[in-house]
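Hi everyone, and thanks for making room for me today. I'd like to walk you through a structure that may be new to you, one corner at a time.

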Amino acid sequence: MLGHAMLAALMATILVCFQPAHPQDVERRLNTVTVKAIGPDKGELHINPIILRPQEFQRPGYSELELVFVPVALIEDRLEPLLGEENRDYLRLITKIPARPEGVPFKDTARDYFTQSVILPRGYYVLSEVTFRAPALGGQPAAQTVSHCLADNSILLHIQGGDVIYMGRPEFDYPSYDRLADPAFSPAQRMLRQIDRLRGWRDTASDLEKFEVAPAEFERTTAFCSPQATTPVM
């Protein structure tokens with residue numbers, strides 16, 4: 001049997017052995033880090049839309065821009081949607097529009113906006129609808145929106161599996177009251193007139209390539225555009 005003095009000395013030695021030799025030896029836990037990888041069946045599309053507003057636009061004005069992309073297939077000589085109206089929600093890219101104080105000169109530039117992204121299954125897509133949305137104010141029951149269907153003039157793009165795509169900085173015109181009174185007004189008209197100037201890139205598994213879009217048009221249905229959206233008169 002061990003004496004009390006010897007037992008106490010042994011226990012003290014064990015405790016010393018299990019104590020950290022230095023404060024840095026104490027176990028430390030880092031915050032959880034989430035790593036997002038794109039699967040081979042999807043691609044990630046990044047866009048930095050720029051909204052150009054006139055100085056006299058109505059305050060507080062619209063607070064966000066929404067772009068809707070619809071997957072399509074080429075059937076004979078027309079584009080057919082691959083999803084119904086109920087499946088379009090996850091194909092939207094939303095950009096917040098910064099507020100502007102009244103009476104202070106300004107200029108909307110790329111510095112005022114941030115690149116937004118949306119993950120899309122591989123395939124072909126058209127930009128089908130552009131929507132501006134304002135928050136509900138006062139006694140208004142819901143947010144105010146103005147939507148434009150791009151059936152007669154849009155762009156077609158191709159998403160490849162595993163790709164990261166940057167579409168550049170397309171410019172959109174703000175829908176002020178005087179512009180909305182023009183039946184030919186389209187917020188995407190500026191971008192669509194200069195699609196060859198969209199400067200983007202496609203990061204593939206093996207190379208960095210130039211990203212390009214093509215002009216497109218489609219037959220308007222609820223699978224492409226919401227019922228309240230207007231179609232600019234060409």
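Let's start at Phe-106, which counts as buried, with a relative accessibility of 12%. Before I go on, please keep in mind that this is a predicted model.

So what does Phe-106 pair with? Its partner is Phe-57, in an edge-to-face aromatic pair with 6.1 Å from centre to centre and 85° between the planes. In case those two numbers look odd, a pair of aromatic rings is described by the distance of the centres and the angle of the planes. Phe-57 is buried too, and its relative accessible area is 3%.

Where do these two rings sit along the chain? Phe-57 is in the loop between β2 (50-52) and β3 (64-75), while Phe-106 is in the loop between β5 (92-96) and β6 (116-121), so their pairing ties together parts 49 residues apart in sequence.

The two rings also have company. One aromatic cluster takes in Phe-57, Tyr-62, Phe-106, Phe-132 and Tyr-174. Across the protein chain, the count of aromatic pairs is seven.

Stay with Phe-57 a moment longer. Over the face of its ring lies Arg-59, at 4.0 Å from the ring centre. Arg-59 leads us to another detail: the peptide bond from Arg-59 to Pro-60 is cis, with omega near 0°. Pro-60 belongs to the loop between β2 and β3. As background, most residues other than glycine have a negative phi, and most peptide bonds are trans.

That background helps with our next stop, Glu-76. What is the phi of Glu-76? It is near 55°, a positive value in a residue other than glycine. Glu-76 is found in the loop between β3 and β4, and at 68% relative accessibility it counts as exposed, because the cut-off for exposed is over 50%.

Now look at the strands on either side of that turn. β3 and β4 form a hairpin with two residues between them. They pair in the antiparallel sense over four bridges, and Leu-74 stands opposite Leu-79 in β4.

β4 covers residues 78-81, and Arg-78 lies in it. Is Arg-78 buried, exposed or something in between? It is partly exposed, with a relative accessible area of 36%. Its side chain has two glutamate partners to show you. One polar contact, of 3.4 Å, joins the side chains of Arg-78 and Glu-76, and another, of 2.4 Å, joins those of Arg-78 and Glu-80. Then there is Glu-219: Arg-78 and Glu-219 are 141 residues apart in sequence, and their C-alpha atoms are 8.1 Å apart in space.

Let's move along the chain to a second hairpin. β12 and β13 form it, with four residues between them. Strand β13 spans residues 208-211, and it pairs with β12 in the antiparallel sense over four bridges. If you want a pair to find on the screen, the bridge partner of Trp-201 in β13 is Lys-210.

β12 has another partner as well. Strand β10, residues 164-166, pairs with β12 in the antiparallel sense over three bridges. Here Val-164 stands opposite Asp-203 in β12.

Which way do the side chains of β12 point? Along residues 200-203 they alternate. Gly-200 and Arg-202 point to one face and are buried, whereas Trp-201 and Asp-203 point to the other and are not.

One more residue before we zoom out: His-148, which sits in strand β8, residues 144-149. His-148 is buried, with a relative accessible area of 2%. Its side chain makes a polar contact of 3.4 Å with the side chain of Thr-230. Leaving aside neighbours within four places in sequence, the residues in contact with His-148 include Ser-128, Val-130, Leu-180, Phe-185 and Ala-229.

Finally, the whole chain. It has three helices and 14 strands. Of its 234 residues, 38% count as buried. The accessible surface comes to about 14,600 Å², and 54% of that belongs to carbon and sulfur atoms.

How much of the contact network links residues 24 or more positions apart? Among contacts with a separation of 6 or more, such residues account for 76%. The pair we began with, Phe-57 and Phe-106, ties together parts 49 residues apart in sequence.

That's the tour, and thanks for listening!

Terms used
Residues are numbered from 1 along each chain as its sequence is written. This is a predicted model: local features need pLDDT of at least 70, side-chain atom pairs count only at pLDDT 80 or more; totals for chains, interfaces and linings use all residues. Side-chain values use heavy atoms; hydrogens and water are left out. Buried means under 20% relative accessible area, exposed over 50%, partly exposed in between (1.4 Å probe, protein chains only). A polar contact is a pair of N or O atoms within 3.5 Å; within protein, one must be able to donate a hydrogen and the other to accept it, and residues adjacent in sequence count only if both atoms are side-chain atoms. Two strands pair if DSSP finds at least two bridges between them. Contact means heavy atoms within 4.5 Å. Accessible areas come from the Shrake-Rupley method with a 1.4 Å probe; for residues, only the protein chains shown count as cover. Rings of Phe, Tyr and Trp (its six-membered ring) pair if their centres lie within 6.5 Å; planes under 30 degrees apart count as stacked, over 60 as edge-to-face and the rest as tilted. A charge sits over a ring if NZ of Lys or CZ of Arg is within 6 Å of the ring centre and within 35 degrees of the ring normal.
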